[in-house]
Amino acid sequence: MNIKIITYPFVCLFRALTVILFIVTLFSSCGTQRMDKEARANIHLPVQPVEGTEEKARDKELPSVIGMKDRHGNVTTYVQTEKDKEGNAQLSVQLSEVTVTARMKNVPERSGKVDVDFIVSVPEELINSKWQLNLTPHLVKAGATSDFDGLVISGDEFRKLQQKQYAKFDRYLSKIVPDSLFDKYFVRTGAFHRYIDRYNRSEFMRVRKDSLDHAGYSKYKAGLEKRYAFFNQRMRRNKHWLKKRMGFPKIKQRYGYFGRDTAYIASVYNRRYNEIVNLLPMFHLLRGFAPEYTLWKYRKEKYSIGFVNNYAPVTAADSVFLKKRFLKDRQIARNQSLVDNRHIVFAETVKFPKNEKARLDTVIYNKGKFEYYYKQQVMADGDSRRMKIYLDGYARSISGDSYLLPHSDTLDYVVSSMIQFLDTVPRYMRKVIERKAVSTLRANIAFSTGKYNMDIDLGDNHRELDKVREMLEKLTETGEFVPDSISLVAGCSPEGSFRSNMLLSKRRAESIGKYLSGKLSGIEGIASMLKPYPKGEDWQGLSELVSDSLESENRKSILDLIMADTDPDRKEPDIRSKYPAEYRYIREKLYPHLRAVDFTFHVHRRGMVKDTIHTTEPDTVYAKGMELMTERKYSEALSVLYEYNDYNTAVCLMSLGYDQAAYTILLEEPETANREYLLAVLASRLGREEEAVRRYLHSVELDPAKRWRGTLDPEINKLIKAYNLIRFDN
């Protein structure tokens, strides 16, 4: 019984806490409003083009939509508000140009670009302080879809949560030490610098001691040499005294008088002198400095080579190496772990990452409808005649729920461009056809040095001669041409004498002709068609090769030698002797190109009697320019049409924005409805409004359909509104 009394209050408390927790959970689950699955963001066209709002710019009223940056640098679109029935402020758009009127719009192409614009409309039921909308416009051209920059619309509570998540991630990033502060945090700099100081000091003391040792050694050596010089001088004086003492001067005088030693005294005295000198050190001991007789401390190898100042303090490269001994490895590993886990931490911390490529990233603080004017420039191409725009996206809430939004309506853009005024009539050109035709081919056929017999297996001869056969087949395969003759001129490099090279090239040409006669025996009369000729030493070809490929300061001098009107047998030896390095390059790299055969194929057109006839045929170059125009490759088309300087050239020029040049060309063209209309467009661009109105009205007189076209081009549509020309549409 005592136990029940003690535990009963705790049971009641537990039940009460359970009820409270259930109520809190119930209310918290209702905190985030559920999204209407049928709600969607939509897009629609402005009522009028942007250029038609000039009069509105004169109004002093504030715009109903403005963009401003908050303290974080994010752009926020604010709209005018009005009071609802309860007196609360709500969003309201007052722009008449955002009224939905159609899903199709004609847009002009200018300078190879198209401006598409539309209104992104977000209904009130998608605006919530705890939601974020991510909207992406999509462009469809010829079945291919590309994305425009997206729009991000966040509620204030959602943005606060997002900023809180980014702040938390920033705190994580702040723990990462950047490379610029590596030494400060990860190197025991005090110990490192003390080590460097100790090392440099010890190195200095080593060199200092070494220099003092060498100074002591030099002093010791100088003292010894001075002492040795003293004793050596005494030794020489002793020897002089001994010679004088033994009568050497008298023996020398006697010997000089008689020319010989008559008494044989000199030999006796010399023998005696040498015995005394060799016996007593005072007469023969010559003292000199020798390492083996120096003090022990001066017998080291360093004293034999002299003092060398090899002081080597720590360099920058040494510092990098030594610094590894003073790194804080644990801290570095911890920092690297933070770096490596950034993407993981970001994914865990930032549940709602920002769209860095968004066109608009704004926060909505008030409830109500939101609209955004979107304008995008699109490069024109062959698929830009018709374009579609639609919008999709998704919404997400702070609770983590995500919803795909239904696709918006699809807007159609019909692109009007100047190429619709192209003159597509085929253009012909007058052509003169000659009865006879000539085609040339060069083949590098190899021969052994000094040889002229044809060897098909040498070098690339097989492939080179196949080129001759293929050329002949190409000329005759259609049956239009009949071969008359094939001349082959063989050249050679200038080694050897001029006469021998001329004979060698002649025999080589004949050898090639003989080979081709057998190879092309299926062609009737081929043997008589082949005409071999010798070319000899090709000095002109060598001059061109040297001029194009030899990089040397002596190139001009070598060219002068090559082209000099002198004995050809002297040219090569002169180059070889005066410029040996350049000659080696010429011989190895350029001479092989001179051993070539030039083929000339002479043919005539079958059945043609006259030497020339005149005919017309389609201008393929002009047709290529027109094809580029239809593909909207205006710059490439202009490079083709520029020389024609005609009506279509003017259309190309005005498509690229060269208005004055196009205007000048069109003035010289015959008067047509298209020509007058284009001049009206150009006059409007050039600021000549009266002329533009006059030419537009004249184009309508020539072609009533131009009054409908005028509403598609902004230059003319502006005039229609300014001068009240709309009456012509009645």
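In this predicted model, strand β8, residues 131–141, is joined to strand β10, residues 151–155, by four bridges, and the two run antiparallel. One residue pair shows where they meet: L135 has L151 of β10 as its bridge partner.

Strand β8 also pairs with strand β9, residues 144–147, again in the antiparallel sense and over four bridges. Here L139 has S146 of β9 as its bridge partner. Strands β8 and β9 form a hairpin with two residues between the strands. In this hairpin A142 takes a positive phi near 55 degrees.

A further partner of β8 is strand β13, which covers residues 386–397. Ten bridges join β8 and β13, and these strands run antiparallel. Within this pairing, N134 of β8 stands opposite Y394 of β13.

With these partners in view, the cover on β8 can be considered. Ten of the eleven residues of β8 are buried, so the strand is mostly covered, where buried means under 20% relative accessible area. In a regular strand, side chains alternate between the two faces of the sheet.

The surface offers another place to look. F204, M205 and Y311 make a nonpolar surface patch of about 280 Å². F204 lies in helix α5, which spans residues 189–245. The relative accessible area of F204 is 43%. Because this value falls between the 20% limit for buried residues and the 50% limit for exposed ones, F204 counts as partly exposed. A patch takes residues with over 30% relative accessible area and no salt bridge, and the 43% of F204 is the value to set beside that cut-off.

Conventions:
Residues numbered from 1 in each chain as written. Predicted model: local features only at pLDDT ≥ 70, side-chain atom pairs only at ≥ 80, totals over all residues. Heavy atoms only, no water. Buried < 20%, exposed > 50% of the residue type's maximum accessible area, 1.4 Å probe, protein only. Pairing = 2+ DSSP bridges. Patch = residues over 30% accessible without salt bridge, like charges linked within 9 Å, V, L, I, M, F, W, Y side chains within 5 Å. Areas by Shrake-Rupley, 256 points an atom, 1.4 Å probe, with all protein chains shown as cover. Salt bridge = Lys/Arg side-chain N within 4 Å of Asp/Glu carboxyl O.
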